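This report considers one protein chain, taking its helices, its sheet and an annotated site in turn. Please examine the structure shown here before reading on.

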Amino acid sequence: MPAPPPPSALALLGPTAAGKTALALELAGRIPLEIISLDSALIYRGMDIGTAKPSLAERAAVPHHLIDIIDPPQNYSVADFLADCLRLCRQIRERGRLPLIVGGTMMYYHALTRGLNSLPAADPEIRRRLQEQKQQHGLPHLYAQLQQTDPATAARLQPADSQRIERALEVWLLTGRPLSQHLAEQQAAPPLNLHSIALIPAQRERLHLNIEQRFHAMLEQGFLQEVRQLQTQYPQLTPEYPAVRCVGYRQAWAHLSGDTDRSTFIAQGIAATRQLAKRQLTWLRKLPADLVLDPFSGSLSRHAQAIHSFYSGLP
C-alpha cells in the first residue's frame, strides 16, 4: 500500500519581535488552524517571560503545539522536532484544520524542508589522525586530499577553512562517500510540502526598537526572578545547557552570578537579541519564500488578509 502524501502546511517565519504571534492569532480568525511552534526556546517549561511565550489566554484561543514540552535540563533534538512536527501536521490535517508552523529557528526549518542531517557523528580517532597530518604536512595537504575525494565541496570551501575541510574529509573516511553527495541526497527528499510566509522589515530600526522595548518589558514582568527560579528549581543547570544558552537567559545567568552589573546586563541582552534578529533576517532573505510581508507596513488585519488570500489560492 503506498504511503500517504506528505501533509501540507503553512510556515510563518520572521525574526524575533516581528509580531509573528499576533499575526498568527489574527489569521486564526480567518482560517481554521492550529499553531505548531518553530522555536527552540518555547519548548522549555518555566521559561515564559524571556522567551516571549504566547500567553495562556492566547493558547486557549487557538490550539498551540510544541510549547512547554520538556524541562530545561532535558534534551530535545532536531530529529525530535521533525518527528513531532510531521506527526502533528498529519493529526491537524485529519481534524480538517491547517497546520501553521510559526517561529524563527533556522535548524528546525531546515529539517522540515531538506530533511535531517544524516552525516555521521564525529570520530575522535579520525580527527586525531587528521590533526597529525595537518601538523606534519600543513593544511594545504588536507585541502589537496579534499580536492581529490570531493571536488564539489573543496570548490565551495576556502583553502584556509580548516574546520570544514577536516569535517568533509572525516565524512569521506567514515562513509566512503563525499560530503557533497550526502547533502544532495538530503535536499532531494524534503519530508514536508510546505508553503512559507516570511516577515522581513524594510526598516531594521523599527525592529531594533521593538527588541529594546520588549526586553525592558520582560524585566518589568519579572524576567530575572524567572531565571532565579530556574536556578533554584534545577540546580544541575549550568551555562552549557541549551536552555541557558537561549538569548537573554545567558546574559541574565551571568548577571545573577555577579559577572555583570545591571546596566551591562541590559545592554548585553538587547545586543544579543539584535544579533539573533540579524542572523534570522540574513537567513530569511536567502529563503525562497512564497510570500514576503513587511510586518511594520500596514495593519495586522491587512497582513492576515494577504496570507488568507495567498492560502486560498493554493491548489
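## Helix α10 and its packing

In this predicted model, the buried residues of α10 pack against two other helices, α11 (223–233) and α13 (262–286). The residues of α10 that are buried are Leu-207, Asn-210, Ile-211, Phe-215, Met-218 and Leu-219. An α-helix has 3.6 residues a turn, so residues three or four places apart point the same way.

Helix α10 comprises 18 residues, 204–221. The distance from its first C-alpha to its last is 26 Å, close to the 26 Å expected at 1.5 Å a residue. After α10 comes Gly-222, which has a positive phi, near 105°.

## The annotated binding site

An unreviewed UniProt entry lists a "binding site" made up of Gly-14, Pro-15, Thr-16, Ala-17, Ala-18, Gly-19, Lys-20 and Thr-21. Two of these listed positions, Ala-17 and Gly-19, are described here. Ala-17 is located in the loop between β1 (8–13) and α1 (20–28), and Gly-19 likewise lies in the loop between β1 and α1.

Ala-17 has a relative accessible area of 11% and is therefore buried, the cut-off being under 20%. Gly-19, at 33% relative accessibility, counts as partly exposed because this value falls between 20% and 50%. Leaving aside residues up to four places away in sequence, Ala-17 touches Leu-207, Asn-210, Ile-211, Arg-214 and Phe-296. Among these contacts, Leu-207, Asn-210 and Ile-211 are buried residues of α10.

## The parallel sheet

Six strands make up an open sheet with parallel pairing, in the order β3-β2-β4-β1-β5-β6. At its edges are β3 (64–65) and β6 (291–293), each of which pairs on one side only. Helix α1 packs on this sheet, where it touches β1, β2 (33–38), β3, β4 (98–103) and β5. The direction of α1 makes about 165° with that of β4.

Strands of a sheet pair through backbone hydrogen bonds, either parallel or antiparallel. Between β5 (residues 193–199) and β6, the parallel pairing extends over three bridges. Ile-197 has Leu-291 of β6 as its bridge partner.

## Domain division

The protein is divided into two parts: domain 1 covers 8–117 + 188–313, and domain 2 covers 124–185. Taken over C-alpha atoms, the centres of domain 1 and domain 2 are separated by 35 Å.

Technical notes:
Residues are numbered from 1 along each chain as its sequence is written. This is a predicted model: local features need pLDDT of at least 70, side-chain atom pairs count only at pLDDT 80 or more; totals for chains, interfaces and linings use all residues. Side-chain values use heavy atoms; hydrogens and water are left out. UniProt positions are given in the numbering used here, feature names are shortened, and annotations may be inferred rather than shown by experiment. Helices (H or I, at least four residues) and strands (E, at least two) are DSSP runs, numbered from the N terminus. Buried means under 20% relative accessible area, exposed over 50%, partly exposed in between (1.4 Å probe, protein chains only). Contact means heavy atoms within 4.5 Å. Two strands pair if DSSP finds at least two bridges between them. Axes are lines fitted to C-alpha atoms, for helices over the stretch in contact, and angles run from 0 to 180 degrees between N-to-C directions. The expected span of a helix is 1.5 Å times one less than its number of residues. Domain bounds come from an automatic or database domain assignment.
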